[in-house]
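The exercises below are meant to be worked through with the model open. Each begins with a task and is followed by a solution in steps.

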Amino acid sequence: MVLELQKPRPIWQIMFSTHHTDVGLLYLITSLGFLFLGGSLALAIRAELFLPGAQIITDSMTFNRIFTVHGTTLIFLFILPFASAVGNYYVPIMVRYKDMAYPKLNAIAFWMIPPSGALIWLGFADFTWYATPPYSIISAPGPAADMWIFGLKILGISSVLGAINFVVTILKCKHPDMSIGQVPLLAWSYLSSSLIILVAIPTFAAALLMLLTDRLGVSGFFNPAMGGDPIAYAHLFWFTFHPEVYVLVIPAIGMMYEIIPRFSRKPIYSYNSGIFAFVLLSIVGFSSWAHHMFATGMSFTEKTVFMVGTLAAVPASAMHVFNFIATMWNGRIKFSTPMMWSVGGIALFFGAGAGGVVNSAMPLDFSTHDTYWVVGHFHLFVMGTIAFGSIAFFYYMFPYVTGRMYNETMGKIHFVMSFIGTILVFFTQHVLGLYGMPRRIFDYPPIPEWIAMNQIATVGAMIIGVSMAIFLANMIYSSGKGKLANTEDPFGVGGKYYYPFEAKNPSH
Amino acid sequence: MGGHSNWPEWIYVGIVIALMTWVGAEAWEAERLVEHVPEDAETIIVTGQQWFWTFEHEDGTKEIGELHVETGKAYKFEIVSTDVIHSFNIHDYVVLMDAVPGRVNTVWFAPDAPGVHDIQCREYCGLIHYNMRGTLYVEDPA
């Protein structure tokens with residue numbers, strides 16, 4: 001690990017470095033920056049919906065732009081780069097190699113993110129994060145829409161380059177004494193999610209190009225006025241982005257696999273079923289894309305096939321949850337901040353998974369589809385599981401990266417407030433969806449239940465906002481002035497006896 | 001790894017698979033019943049456009065923004081769109097179907113009690129999507 005703040009270096013040495021920990025640090029800082037940017041847009045959305053009528057945002061177009069950029073930012077500019085940050089730090093160490101397989105390619109993949117972030121933020125497009133045609137072709141104002149398309153295009157290339165790097169590092173650069181069945185589960189999670197990226201992203205890359213030429217008026221793939229079919233775009237999009245959900249969640253689960261055994265002071269209950277579930281998830285992730293499209297007029301047979309495909313992902317996810325609980329069972333658990341975030345993440349993962357079964361069951365989907373139920377469901381996944389796992393791992397790697405310890409009390413306050421806030425916002429949104437409130441609306445009629453639940457959700461969001469401010473303060477203060485950490489065992493949980501490979505990087 | 005056996009995990013996975021099979025079978029059966037449109041259903045052509053709904057009854061009468069139907073009859077909606085994708089939704093009756101330009105999607109319902117219900121668009125369709133609403137009046141036959 002690098003001890004950045006104990007051995008200060010000029011900033012450009014880190015920026016122009018191709019070493020995996022330096023690139024990882026750049027990924028980490030960028031992703032956290034976008035977390036706060038995207039999160040502040042979320043607060044704006046919740047403040048606007050506190051009451052019917054315009055509150056702080058004056059027109060619906062601005063609101064539409066805000067939720068589009070909020071979603072794009074947090075998914076593509078926070079979660080994906082955060083996963084790359086952790087992978088860059090840990091995967092080479094876990095497979096005992098000196099760096100990523102292609103260090104320069106790694107740095108190039110990172111440096112594609114700032115320009116694409118700039119394109120997305122300066123454009124501020126309005127067509128939601130899935131850019132549905134024909135709206136995105138005939139109605140979405142340029143140049144915002146075109147800037148979004150270019151930004152996503154660059155991000156897609158960056159993900160593919162990163163994924164190639166992870167696959168080659170894990171499969172070809174691992175230490176010859178180590179079989180693939182001994183590679184830690186965190187590295188396995190990167191292998192599975194990278195393979196998904198390599199299969200899925202090119203499809204979306206093609207769809208984006210087709211969308212762009214449609215916008216330019218030279219083709220009509222998705223434009224019904226020119227003989228195209230907008231549903232074709234939906235298939236291409238969800239073929240990429242349903243598996244992409246697993247790209248986001250699998251590394252977060254891998255991070256929990258790193259944290260939970262260590263803080264339970266027990267080996268993982270079943271290493272093999274962890275691998276099995278990762279591989280299974282990355283395969284069945286592809287069999288479920290069209291459950292996002294039940295209401296587009298699919299045939300009964302198609303709907304049945306995709307319902308079965310979606311339900312097939314449940315046992316694999318459940319195996320991970322079982323593994324976590326069985327690992328903690330009878331362990332001498334130390335509830336430090338990373339462990340609290342992981343355990344909270346598992347609890348919310350269970351809740352989100354149960355809600356997901358409702359979405360995939362055909363008749364129930366018609367009651368919940370495109371309502372706040374869906375918003376609550378996927379935010380519970382994205383915030384409750386993926387962001388919780390990521391923040392857990394951030395606390396976990398903090399002493400290794402900075403050489404200093406974060407403030408444990410502030411970390412715990414951050415967790416408790418975020419956990420309460422997450423439940424308030426996203427469970428309430430599930431109920432709000434059952435009352436029929438559509439998603440992506442700027443204003444709503446003054447139905448008493450809608451108002452009450454929107455207010456609960458807004459209060460919850462503010463609690464999360466405050467907890468994130470505490471997080472930011474803790475990070476900034478502790479990385480400069482925190483007490484020095486014992487980098488051998490910063491959390492005082494004893495040796496790494498569950499961990500079969502020495503966490504020593506030959507180049508350090 | 002580890003010297004213990006994994007049988008509790010396999011029992012647990014078996015239970016999860018059984019539960020999912022049951023959920024899937026129930027959902028399949030319910031959907032199979034819901035999909036069957038009654039033969040005597042009256043057709044109403046629903047047109048979604050930015051940003052209002054138009055309804056055309058079998059006898060040619062047209063309504064904009066509101067829809068009058070009678071209890072005790074089945075209605076088949078043929079849903080079309082003239083511009084972008086909308087989603088026709090009567091939440092109280094769990095009626096939901098996308099209006100996709102270039103396609104005709106059908107969905108049906110049979111109101112059983114007089115009342116007033118909201119009709120709304122549930123798929124993002126641009127500037128005034130939030131206010132693309134209508135009203136359904138269910139009345140007893142005269």
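**Exercise 1. A residue with positive phi in chain B**

Is V94(B) buried, partly exposed or exposed, judged by its relative accessible area? The structure to be examined is a predicted model. Locate the residue along the chain, give its backbone angle, and then classify it.

*Solution.* Begin with the position: V94(B) sits in the loop that runs between β6 (86-90) and β7 (95-99) of chain B. Next, take the backbone, where phi of V94(B) is near 50°, a positive value in a residue other than glycine. Finally, apply the cut-offs, by which buried means under 20% relative accessible area and exposed means over 50%. V94(B) has a relative accessible area of 42%, and therefore counts as partly exposed.

**Exercise 2. A residue with positive phi in chain A**

Carry out the analysis for F124(A), and decide whether F124(A) is buried or exposed.

*Solution.* The residue belongs to the loop between α5 and α6 of chain A. Its phi is near 55°, which is again a positive value in a residue other than glycine. The relative accessible area of F124(A) is 19%, so the residue is classed as buried, given that the cut-off for this class is under 20%.

**Exercise 3. The form of each chain**

Describe the secondary structure of chain B and of chain A, and compare the radius of gyration of each chain with the value expected for a compact globule.

*Solution.* Take chain B to start with: it has 1 helix and 10 strands, and along the sequence the helix comes before the strands, in the pattern α-β-β-β-β-β-β-β-β-β-β. Its radius of gyration is 21 Å, whereas the globule rule gives 14 Å for 142 residues, so chain B is more spread out than a compact globule. The C-alpha trace of chain B spans about 75 × 35 × 25 Å along its principal axes.

Turn now to chain A, which contains 17 helices and 0 strands. For its 508 residues a compact globule would have a radius of gyration near 23 Å, and the value of 22 Å for chain A agrees with this. Along the principal axes, the C-alpha atoms of chain A fill a box of roughly 60 × 50 × 45 Å.

**Exercise 4. Burial, contacts, surface and charge**

For each chain, state what share of the residues is buried, and then set out the contacts, the exposed area and the charged side chains.

*Solution.* In chain B, buried residues account for 44% of the 142 residues, while in chain A they account for 64% of the 508 residues. Consider then the contacts between residues at least 6 apart in sequence: in chain B, 60% of them join residues at least 24 apart, and in chain A the corresponding share is 83%. As to the surface, chain B exposes about 6,900 Å², of which carbon and sulfur atoms supply 58%, and chain A exposes about 17,100 Å², of which carbon and sulfur atoms supply 72%. The last step concerns charge: chain B carries 7 positive and 23 negative side chains, with the centres of the two sets 4 Å apart, whereas chain A carries 25 positive and 21 negative side chains, with the centres 13 Å apart.

**Exercise 5. The largest nonpolar core**

Which residues have the most contacts inside the largest nonpolar core?

*Solution.* This core has 205 residues, and those with the most contacts inside it are Y90(A), F77(B) and F88(B). The largest share of the core, 20 residues, is contributed by helix α3 (residues 60-94) of chain A. To see the surroundings of F77(B), set aside residues up to four places away in sequence; its remaining contacts include I44(B), V46(B), L67(B), F88(B) and F109(B).

**Exercise 6. Two cis peptide bonds**

Where in chain A are P134(A) and P143(A) found, and what is omega for the cis bond leading to each of them?

*Solution.* P134(A) lies in the loop between α5 (113-123) and α6 (135-139) of chain A, and the cis peptide bond joining P133(A) to P134(A) has an omega of about 0°. P143(A) lies in the loop between α6 and α7 (144-172) of chain A, and the bond from G142(A) to P143(A) is cis, with omega near -5°.

Notes. Residues are numbered from 1 along each chain as its sequence is written. Chains are lettered from A and ligands numbered from 1 in the order in which they are written. This is a predicted model: local features need pLDDT of at least 70, side-chain atom pairs count only at pLDDT 80 or more; totals for chains, interfaces and linings use all residues. Side-chain values use heavy atoms; hydrogens and water are left out. Helices (H or I, at least four residues) and strands (E, at least two) are DSSP runs, numbered from the N terminus. The radius of gyration is taken over C-alpha atoms; the globule rule is 2.2 Å times the number of residues to the power 0.38. Buried means under 20% relative accessible area, exposed over 50%, partly exposed in between (1.4 Å probe, protein chains only). Contact means heavy atoms within 4.5 Å. Accessible areas come from the Shrake-Rupley method with a 1.4 Å probe; for residues, only the protein chains shown count as cover. Lys and Arg count as positive and Asp and Glu as negative; His and the chain ends are not counted. The place of a charge is taken as NZ of Lys, CZ of Arg, CG of Asp or CD of Glu. A nonpolar core is a set of buried Ala, Val, Leu, Ile, Met, Phe, Trp, Tyr and Cys residues joined through side-chain atoms within 4.5 Å.
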